[in-house]
Amino acid sequence: MILVGGIGTRLRPLTYETPKQMLPILGVPMIECVMDTLCQHGITDAVLALGYLPDQFIEAYPSGVIGGVNVTYAVEPEPLDTSGAIRFAAKFAEIDETFLVLNGDVITDLDITKLIKFHRDHGAQATIALHAVDDPSRFGVVPTTPDGRVIAFVEKPPRDEAPTNLINAGTYVFEPSVLDRIAPTGRVSVERDTFPELAAEGTLYAMPDDSYWLDTGTPQAFLQANVDFLLGRFRNHLVKDVVDGCWIHPSSTVDPSATLINSVVDRNCVVKANVVLEDSVLLPGVVIQNDAQVRFSIIGHHAVIGAFSNLGATCVVGASVHVEAHSQLSGDVRLGGV
Ligand code: GDD
Ligand code: MG
């Protein structure tokens with residue numbers, strides 16, 4: 001089960017038009033990267049727990065196959081939060097055996113087989129994959145006993161109050177019995193309701209893992225995902241044709257005088273003379289006028305960056321926005337609305 005119904009607040013304005021997991025990494029929608037990895041691990045069937053802009057997923061994959069996995073679409077009538085979404089999608093897909101749950105905005109090469117074995121060996125009701133991070137305050141923090149039993153689940157604590165730097169990596173193994181304890185209607189959170197209850201009961205386990213892991217949900221993390229793919233830090237066979245640390249779709253035009261470093265130019269873009277692009281992503285249809293410089297920024301579909309502009313960390317330019325010539329922008333800049 002893949003949770004993909006969040007509204008992507010931190011990636012606005014891009015997510016006003018495109019759900020987070022349909023944003024492309026090197027031209028491939030993120031959901032496809034996630035499903036492809038699952039396919040490599042032998043997963044054949046999945047249900048997508050959808051809520052926000054569901055038609056974009058359904059229309060992009062009319063055959064019902066994403067990254068080699070057969071999918072069904074469970075569309076929530078209203079946002080049900082993470083446990084509510086799990087309850088709804090499980091009923092929709094008639095799940096009655098051990099199943100996996102994934103946050104659909106996470107790129108990882110976690111060994112799922114190992115996680116399932118750990119879950120079975122511990123006789124757990126649910127098992128969480130853990131990842132060590134420097135700043136746990138953005139995540140669910142999960143202290144455990146040495147044998148992996150979860151002592152507490154603390155969602156997004158203040159940085160100085162986090163009991164450990166091991167965080168919820170957003171991949172879970174669930175027994176169907178967990179479904180019976182989720183309240184039957186309305187919004188329920190797996191992080192704030194279900195996991196703390198299971199932890200108190202002593203039936204929730206967690207397995208640390210040090211494979212590649214990234215939650216792509218902020219502009220900085222989305223850029224990081226792209227750069228990691230470009231530099232081969234995460235390998236995915238869907239990603240091809242990276243040249244000198246950059247990926248340029250063949251339908252795009254880049255002037256030979258432009259300088260590109262660790263950047264992505266998606267389809268139908270135009271990059272004019274003397275432009276500098278560094279650690280940046282141009283989504284389809286973007287135009288960068290001559291002598292503009294764009295660093296550590298994401299430029300949304302069909303946006304235009306005026307000549308001699310200078311965009312620095314971290315600008316997120318929404319779809320069809322026109323940035324005037326000679327603009328100077330940096331800091332946490334978001335341009336464009338609904
Ligand atoms: N179907 C559905 N319905 N999906 C939802 C809903 C909902 O109402 N709300 C959120 N989701 C999906 C999002 O699309 C995303 O894939 C996943 O649930 C997690 O939501 P995020 O909004 O990305 O949460 P987060 O990144 O702040 O925190 C979560 O992920 C961290 C790891 O990446 C938590 O699970 C943390 O505990 C965890 O550490
Ligand atoms: Mg997230």
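## Around ligand 1

Let's start with the company that ligand 1 keeps: there are 28 residues around it, and Leu3, Glu76, Asn168, Glu191 and Asp215 come nearest. Please keep in mind as you read that this is a predicted model.

Several polar side chains reach the oxygen atoms of this ligand. Glutamate 191 places a polar side-chain atom 2.5 Å from an oxygen atom of ligand 1, and aspartate 215 does so at 2.6 Å. For lysine 20, the distance from a polar side-chain atom to an oxygen atom of ligand 1 is 3.2 Å. Taken alone, ligand 1 exposes 740 Å², and the protein buries 91% of that area.

## The magnesium site

Aspartate 215 appears again at the metal. The magnesium ion (ligand 2) has Asp105 (OD) and Asp215 (OD) as its protein donors, and these lie 2.1 to 2.4 Å from the ion. Along the chain the two are 110 residues apart, so to speak of the site is to speak of distant parts of the chain being linked: aspartate 105 belongs to the loop between strand 7 (99-103) and strand 8 (106-108), while aspartate 215 belongs to strand 14 (residues 213-215).

Are these two aspartates buried or exposed? Aspartate 105 counts as buried because its relative accessibility is 7%, under the 20% cut-off. Aspartate 215 has 12% relative accessibility, and therefore counts as buried by that cut-off as well.

## Aromatic pairs and a cluster

There are eight aromatic pairs in the model. One of them brings together tyrosine 172 and phenylalanine 195: the ring centres are 4.9 Å apart and the planes stand at 80°, so this pair is edge-to-face. Tyrosine 172 sits in strand 12 (residues 166-174) and phenylalanine 195 in helix 7 (residues 190-201), so the contact ties together parts that are 23 residues apart in sequence. Both tyrosine 172 and phenylalanine 195 are buried.

Phenylalanine 195 also pairs with phenylalanine 174, again edge-to-face, with 6.1 Å from centre to centre and 80° between the planes. This pair likewise links strand 12, which holds phenylalanine 174, to helix 7, which holds phenylalanine 195, across 21 residues. How accessible is phenylalanine 174? Its relative accessibility is 0%, so phenylalanine 174 counts as buried. Phenylalanine 195 is buried too, with a relative accessible area of 0%.

These residues take part in a wider group: Phe99, Phe153, Tyr172, Phe174 and Phe195 form one aromatic cluster.

## Strands 9 and 13

Now for a pair of strands. Strand 9 (residues 126-132) and strand 13 run parallel and are joined by five bridges. Among the residues involved, leucine 130 has proline 208 in strand 13 as its bridge partner. Strand 13 (residues 204-208) is mostly covered, with four of its five residues buried.

## An open six-stranded sheet

Further along the chain there is an open sheet of six strands, paired in parallel in the order 15-18-21-24-27-30. Which strands stand at the edges of this sheet? They are strand 15 (247-248) and strand 30 (333-335); each has a single partner strand, so one side of each is left without a neighbour in the sheet.

At the strand 30 end, three bridges join this strand to strand 27 (residues 315-317), and the two run parallel. Here valine 316 stands opposite arginine 334 in strand 30.

How values were computed: Residues numbered from 1 in each chain as written. Chains lettered and ligands numbered in written order. Predicted model: local features only at pLDDT ≥ 70, side-chain atom pairs only at ≥ 80, totals over all residues. Heavy atoms only, no water. Donors = N, O, S within 2.8 Å, 3.2 Å for Na, K, Ca; no water. Buried < 20%, exposed > 50% of the residue type's maximum accessible area, 1.4 Å probe, protein only. Pairing = 2+ DSSP bridges. Near = heavy atom within 4 Å. Polar contact = N/O pair within 3.5 Å; in protein donor to acceptor, adjacent residues only side chain to side chain. Areas by Shrake-Rupley, 256 points an atom, 1.4 Å probe, with all protein chains shown as cover. Phe/Tyr/Trp six-rings, centres within 6.5 Å; stacked < 30°, edge-to-face > 60°.
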